[in-house]
Amino acid sequence: LGILMHRAFEQADDETQIYQAVQQMRDDATLSEEEAVTLRQMIARALEQPEVREWFSGQWKCVRNEQEIILPGSTSTRRPDRVMIGDQRTVVVDYKFGELDAERYRRQIREYMQLLRKMGHSQTEGYLWYVRLGRIERVEA
């Protein structure tokens with residue numbers, strides 16, 4: 001269900017759209033009714049965390065899910081799970097559904113933050129969200 005939860009998050013700007021994505025997966029038979037209920041419960045638990053609730057609050061000027069960032073001077077790209085742009089700050093989040101591999105993941109978030117700063121987003125924050133573990137780690141630049 002981690003992959004399907006990730007899919008629901010990547011299709012949503014806000015909490016309502018997360019549940020709509022789950023319903024769509026149910027409607028197209030990607031999920032059984034029982035699996036949809038379980039997935040909704042997992043999402044509800046995840047949204048209990050204040051940071052997560054803010055990320056999916058609908059307050060952001062712009063939300064980019066799974067959007068590629070082209071590396072300057074290269075043909076390579078990076079694809080953060082979620083970038084939220086507000087009036088005063090930009091927040092980048094990468095979802096993790098497995099075990100901790102903190103240093104590798106921290107480097108990844110730092111790179112996203114650096115790229116966003118180069119794009120003019122001076123007030124950036126980066127987070128690793130270990131969804132199944134219920135753990136959020138703020139990554140410092």
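Two residues are in contact when heavy atoms of theirs lie within 4.5 Å. With that in hand, let us walk through this predicted model. Glutamate 33 makes a good test case: leaving out residues up to four places away in sequence, it touches Arg26 and Arg40. Glutamate 33 belongs to helix α3, which covers residues 33–46. In space, its C-alpha is 9.4 Å from that of glutamine 23, a residue ten places away in sequence.

## The whole chain

How many helices and strands does the chain have? There are five helices and seven strands. Going along the sequence, they come in the order α-α-α-α-β-β-β-β-β-α-β-β.

Now for the overall dimensions. Along the principal axes, the C-alpha atoms fill a box of roughly 45 × 30 × 30 Å. The radius of gyration is 15 Å, which agrees with the value near 14 Å for a compact globule of 141 residues. Buried residues account for 45% of those 141 residues. Contacts also link distant parts of the sequence: of those between residues at least 6 apart, 56% join residues at least 24 apart.

## Two nonpolar cores

A general idea helps here: in soluble globular proteins, nonpolar side chains tend to be buried together. In this model, the largest nonpolar core has 30 residues, and those with the most contacts inside it are Phe9, Ile43, Trp55, Phe56 and Trp129. The elements that each give two or more residues to this core are α1, α2 (15–27), α3, α4 (50–55), β5 and β6. The largest share, five residues, comes from α3.

Tryptophan 129 shows what such a core residue can look like. Setting aside neighbours within four places in sequence, its contacts include Phe9, Val52, Trp55, Phe56 and Ile136. Charged residues are on the contact list of tryptophan 129 too, among them Asp94, Lys96 and Arg135.

A second, separate core has 16 residues, including Met113, Leu115, Leu116 and Leu128.

## Helix α5 and its buried face

Helix α5 runs over residues 102–118. Its 17 residues reach 24 Å from the first C-alpha to the last, close to the 24 Å expected at 1.5 Å a residue. Which residues of α5 are buried? They are Ala102, Tyr105, Ile109, Tyr112, Met113, Leu115 and Leu116. Looking down the axis of α5, these buried residues fall within an arc of 160°, so they line one face of the helix. Here is the general background: an α-helix has 3.6 residues a turn, so residues three or four places apart point the same way.

What do the buried residues of α5 pack against? Their partners are the strands β2 (69–70), β3 (77–78), β4 (82–85), β5 (90–96), β6 (124–130) and β7 (135–139). After α5 comes glycine 120, which has a positive phi near 100°.

## A hairpin of strands

Strands β6 and β7 pair in the antiparallel sense over five bridges. Together they form a hairpin with four residues between them. In the turn, glycine 134 has a positive phi of about 70°. Across the pair, tyrosine 130 stands opposite arginine 135 in β7.

## Four polar residues side by side

The table sets out how accessible four residues are.

| Residue | Relative accessible area | Class |
|---|---|---|
| Lysine 96 | 10% | buried |
| Histidine 6 | 16% | buried |
| Glutamate 33 | 38% | partly exposed |
| Glutamine 67 | 43% | partly exposed |

Why does histidine 6 count as buried? Its relative accessible area is 16%, and buried means under 20%. Histidine 6 is part of helix α1, residues 2–10. Beyond its neighbours within four places in sequence, histidine 6 is in contact with Glu66, Asp81, Tyr95 and Phe97.

Lysine 96 is found in strand β5. Again leaving aside neighbours within four places, the contacts of lysine 96 include Tyr105, Gln108, Leu128 and Trp129.

Glutamine 67 lies in the loop between β1 (62–65) and β2. Apart from neighbours within four places in sequence, glutamine 67 is in contact with Arg78, Arg79 and Pro80. Glutamine 67 and histidine 6 are 61 residues apart in sequence, while their C-alpha atoms are 14 Å apart in space.

Conventions
Residues numbered from 1 in each chain as written. Predicted model: local features only at pLDDT ≥ 70, side-chain atom pairs only at ≥ 80, totals over all residues. Heavy atoms only, no water. Expected span 1.5 Å × (residues − 1). Buried < 20%, exposed > 50% of the residue type's maximum accessible area, 1.4 Å probe, protein only. Arc of directions from axis to C-beta. Core = buried A, V, L, I, M, F, W, Y, C linked by side-chain atoms within 4.5 Å. Pairing = 2+ DSSP bridges. Rg over C-alpha atoms; globule rule 2.2 N^0.38 Å.
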